[in-house]
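Work through these exercises with the model open beside you. Try each task before you read its solution.

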Amino acid sequence: MSTALNTSCDCPECGGAVGLKNAPLRGEVVRCGDCSTELEITSTSPLTLSLAPQVQEDWGE
Amino acid sequence: MTTPARPRVSIVGASGYGGGEVLRLLLDHPAVEVAQITSRSKLGVNAASVHPNLRGRTRLQFTDPAALEPCDVLFLCLPHGEASKSIETYTALAPRIIDLSADFRLRDAALYREWYGEDHPAPAWLDRFVYGLPEFHRERLRGARLASGVGCNATAVNLALYPLAREGLIRRVVCDVKAGSSEAGNAHTPSSHHPERAGAVRSYAPTGHRHQAETVQELMNPSGAFEMDLSVTSVEMVRGVLCTAHVSPARGLTDKDLWSLFRSAYGAEPFVRLVKDRAGLYRYPEPKILAGTNYADVGFERDERTGRVVVISAIDNLMKGAAGSAVQCMNLMLGLEETLGLTFPGLHPI
């Protein structure tokens, strides 16, 4: 199965290029290869990435 | 100078922690052979009797430094001041020297006097050595004959600040360094006595730590001086250094600016990793998982309220802060693959 990347978008966290497969889907979660941040595809036209919601740990704050 | 097919390497002062770590790395190194190890205090003793992790891995015994034979590379792992007393003897034995001590880290005799409080005993040799941090001096180390070691705390600070310092982006910085007990070496003192050391969070050097000289040398030339303070605290840890550097930047920086700066500095480095995760247990650099590895982990966070940039770095003081960087230097000096013998990824959990 081909996993060729055919488009990319800037990571909203670190500015790195995030490669995306063919026909990305709205709501799909991808991960930035540079900063490892989980990103959600919030729009496919135009292609838009947002920080994916995280379960927050209690760090005693 | 040609490199022999299988270079013979000897270690002077191999009974200490730094020398033992060099020996551990070289015994597993695929391209060199350990010829001799010396120790005045452990003459005739098996290496594994002093470094029990090497049991079954070598039959080498410690010999007298006076019995050293010519070799291709000589590691000097001696207490402060010893290497500089006998440097001419050592350079007559080997065409390549790597000195882990602080004797030849500084290029400027005046800077040495300022921080060490005495004149350097062999100042003519200072500018012959290349500072042994490959991330800063890779090209000069290729084919070099003489390389210094690095200070462990200095390495944590230097790697934390370099991406900002080289762009002139630091106005002022306060570095808080937490250090493990193995930094003090294997000679016991009243302060290392277990009832005194166990559980300690001890302000070891709130000001005036000698390693700051190396950060002045490496970070403030040629990109310009900035205000810097360094405090070192001994904590409950055997191996490891954590540097938390509080940077007042020279101009406002965004998160993406910081990512770009750090990626540009370290994106191609084999042993520096950018660690800044939004979730998980190890979101920022932490020395615990670096024990025994040559990796330096570097991360950062920007304070949105004040613009302060907090840069965090972690290393194993005996590895990236000493023996690991030294072996990395050796690889470069011999024209070998830089990462040979150094790719152990560490342990988890540990």
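**Exercise 1. Describe chain A.**
Find what share of the 61 residues in chain A is buried.

Solution. Buried residues make up 18% of the 61 residues in chain A. A residue is buried if 20 or more other C-beta atoms lie within 10 Å of its own, exposed if 12 or fewer, and partly exposed in between, with C-beta atoms placed from the backbone. Next, take the secondary structure. Chain A has five strands and zero helices, and its pattern along the sequence reads β-β-β-β-β. Helices (H or I, at least four residues) and strands (E, at least two) are DSSP runs, numbered from the N terminus.

This is a predicted model: local features need pLDDT of at least 70, side-chain atom pairs count only at pLDDT 80 or more, and totals for chains, interfaces and linings use all residues. Residues are numbered from 1 along each chain as its sequence is written, while chains are lettered from A and ligands numbered from 1 in the order in which they are written.

**Exercise 2. Examine where the chains meet.**
State how many residues of chain B are in contact with chain A, and give their classes.

Solution. Nine residues of chain B are in contact with nine residues of chain A. Contact means that the C-beta atoms of two residues, placed from the backbone, lie within 7 Å. On the chain B side, six residues are charged, two are nonpolar and one is polar. Here Ala, Val, Leu, Ile, Met, Phe, Trp, Tyr, Cys and Pro count as nonpolar, Asp, Glu, Lys and Arg as charged, and the others, Gly among them, as polar.

**Exercise 3. Divide chain B.**
Locate the two domains of chain B and find which helix gives the largest share of the domain 1 side.

Solution. Domain 1 covers 8–150 + 320–333, and domain 2 covers 152–317. These bounds come from an automatic or database domain assignment. The C-alpha centres of the two domains of chain B lie 24 Å apart. Now count the contact: 20 residues of domain 1 of chain B touch 26 residues of domain 2 of chain B. On the domain 1 side, H5 (109–116), H6 (134–141) and H11 (319–333) of chain B each supply at least two residues. The largest share, six residues, comes from H11(B). By class, this side has 11 nonpolar, five polar and four charged residues.

**Exercise 4. Compare two helix crossings.**
Classify how H7(B) crosses H9(B), then how H7(B) crosses H11(B).

Solution. Start with H7 (residues 152–165) and H9 (residues 212–219) of chain B: their axes come within 10 Å and cross at roughly 25°. So H7(B) is roughly parallel to H9(B). Axes are lines fitted to C-alpha atoms, for helices over the stretch in contact, and angles run from 0 to 180 degrees between N-to-C directions. Angles under 35 degrees count as roughly parallel, over 145 as roughly antiparallel, 65 to 115 as roughly perpendicular and the rest as oblique.

Then take H11(B). The axes of H7(B) and H11(B) come within 8 Å and cross at roughly 95°. Therefore H7(B) and H11(B) are roughly perpendicular. B:Cys152, B:Thr155 and B:Ala156 of H7(B) meet B:Lys320, B:Gly321, B:Ala322 and B:Ser325 of H11(B).

**Exercise 5. Judge burial.**
Decide whether B:Ala67 is buried or exposed, and do likewise for helix H1 of chain B.

Solution. B:Ala67 lies in the loop between strands E3 (62–63) and E4 (73–76) of chain B. B:Ala67 is exposed, because 9 other C-beta atoms lie within 10 Å. In H1 (residues 17–27) of chain B, 10 of the 11 residues are buried, so the helix is largely enclosed by the rest of the structure. Its cover includes E1 (8–12), E2 (33–38), H2 (47–50), E4 and H11 of chain B.
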